[in-house]
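Work through the exercises below with the structure open beside you, and try each task before you read its solution.

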Amino acid sequence: TQHDATYTPSHTIPTPDQQQQQQQQSEGCTAASSRPRRVIRAPERLINSAIGGYGGAADRDDHDMVRCDGYAAAAAPGSGLPGAQPFRVQVTPLAEVMMDFHAHLDRHEIIGLLAGAWLPEQRLLRVERAFPVREAVASGAANDGINVEMDPEDQFKVTEVIQELYGLEVVGWYHSHPSFPALPSVIDIANQLQMQQQFRQAPSGDEPYIAAIVSPYDKRLPGLQSSVTWFRVEGKGNGAAAGAPIGLNVLEQVTVSVPLRG
């Protein structure tokens, strides 16, 4: 590595000022080489969603962010009315705090599971707790800083803890968009759609599985508070182009309605 330092012949003794300058440069190089390198690259495009697809396959990138549509504001969640959110969602402050705290621990994407209960007779999905899951070795830090996948072994262990220790069920997942908006990417939508299909219940066809995205370090936020988006995917098929993300209206345990971004 080249430095902007005066060359000193080997037979010449450096002056005290030169010695101090060389020491500072050496310490700077050591610190720079040992400092963890974090590569955070925000998705390049923001596109609008539409039921049935949002752009052709050739015009879509996995990291494109998609604006969430909304359910009918006049129809109560779980009412069964046209355009209504299919069920109510209730989230405890404990779950929200854990997600936010986890997201603040790293400028790479983090990931975890949401635990709670599905109460079909009440048309209510309760999110009681959030559980961090270790990321797979090939994602996140080992990749480009904007991809994250759950380590399968740790995901299995955390699921066991949720079910056996807490008596809850997995009802969703969360991850972070560290320095860019809390909007789902194309690959987030595909993953969520796949998980909804896996959790689909017969004969009702209910899909009690939701997703949350936490954005703690987005410089476009108006203050220090993180942005959180809750969503699910509406649509049929096996790919992201077959469905669109819909922002969920969440009711906190303290009975305060929280409108979501989207």
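**Exercise 1.** Locate leucine 105 in this predicted model, and decide whether leucine 105 is buried or exposed.

*Solution.* Begin with the position along the chain: leucine 105 belongs to the loop that runs between helix 2 (93-104) and strand 5. Next, take the relative accessible area, which is 55% for leucine 105. Since a residue counts as exposed over 50%, leucine 105 is exposed. As a last step, look at the surface around this residue, where Met98, Phe101 and Leu105 form a nonpolar patch whose accessible area together is about 310 Å².

**Exercise 2.** Classify the ring pair of phenylalanine 131 and tyrosine 166, and say which parts of the chain the pair ties together.

*Solution.* A search of the whole structure finds three aromatic pairs. In the pair of phenylalanine 131 and tyrosine 166, the ring centres are 5.2 Å apart and the planes stand at 70°. Planes over 60 degrees apart count as edge-to-face, and therefore this pair of phenylalanine 131 and tyrosine 166 is edge-to-face. Now place both residues: phenylalanine 131 is part of strand 6, while tyrosine 166 lies in the loop between helix 3 (152-165) and strand 7 (169-176), so the pair ties together parts that are 35 residues apart in sequence. Finally, turn to accessibility, where phenylalanine 131 is buried with a relative accessible area of 11%, whereas tyrosine 166, with 35%, is partly exposed.

**Exercise 3.** Do the same for phenylalanine 199 and tyrosine 209, and find what kind of aromatic pair they form.

*Solution.* The distance from centre to centre is 4.5 Å and the angle between the planes is 35°, and the pair of phenylalanine 199 and tyrosine 209 is tilted. Both residues are placed in the loop between helix 4 (186-198) and strand 8 (210-215), ten residues apart. Their accessibility is then read one residue at a time: phenylalanine 199 is partly exposed at 27% relative accessibility, and tyrosine 209 is buried with a relative accessible area of 2%.

**Exercise 4.** Describe where proline 120 is found, and state how far apart proline 120 and serine 204 are in sequence and in space.

*Solution.* First, find proline 120 in the loop that joins strand 5 (111-119) and strand 6 (124-132). Its relative accessibility of 36% makes proline 120 partly exposed. Then compare the two separations, which are 84 residues in sequence and 9.4 Å in space, C-alpha to C-alpha, for proline 120 and serine 204.

**Exercise 5.** Which ring does the charged end of arginine 107 sit over?

*Solution.* The ring belongs to tyrosine 217, and the charged end of arginine 107 is 4.1 Å from the centre of that ring.

Note on methods:
Residues are numbered from 1 along each chain as its sequence is written. This is a predicted model: local features need pLDDT of at least 70, side-chain atom pairs count only at pLDDT 80 or more; totals for chains, interfaces and linings use all residues. Side-chain values use heavy atoms; hydrogens and water are left out. Helices (H or I, at least four residues) and strands (E, at least two) are DSSP runs, numbered from the N terminus. Buried means under 20% relative accessible area, exposed over 50%, partly exposed in between (1.4 Å probe, protein chains only). Patches are made of residues with over 30% relative accessible area and no salt bridge: like charges are joined within 9 Å, nonpolar side chains (Val, Leu, Ile, Met, Phe, Trp, Tyr) within 5 Å. Accessible areas come from the Shrake-Rupley method with a 1.4 Å probe; for residues, only the protein chains shown count as cover. A salt bridge is a side-chain nitrogen of Lys or Arg within 4 Å of a carboxyl oxygen of Asp or Glu. Rings of Phe, Tyr and Trp (its six-membered ring) pair if their centres lie within 6.5 Å; planes under 30 degrees apart count as stacked, over 60 as edge-to-face and the rest as tilted. A charge sits over a ring if NZ of Lys or CZ of Arg is within 6 Å of the ring centre and within 35 degrees of the ring normal.
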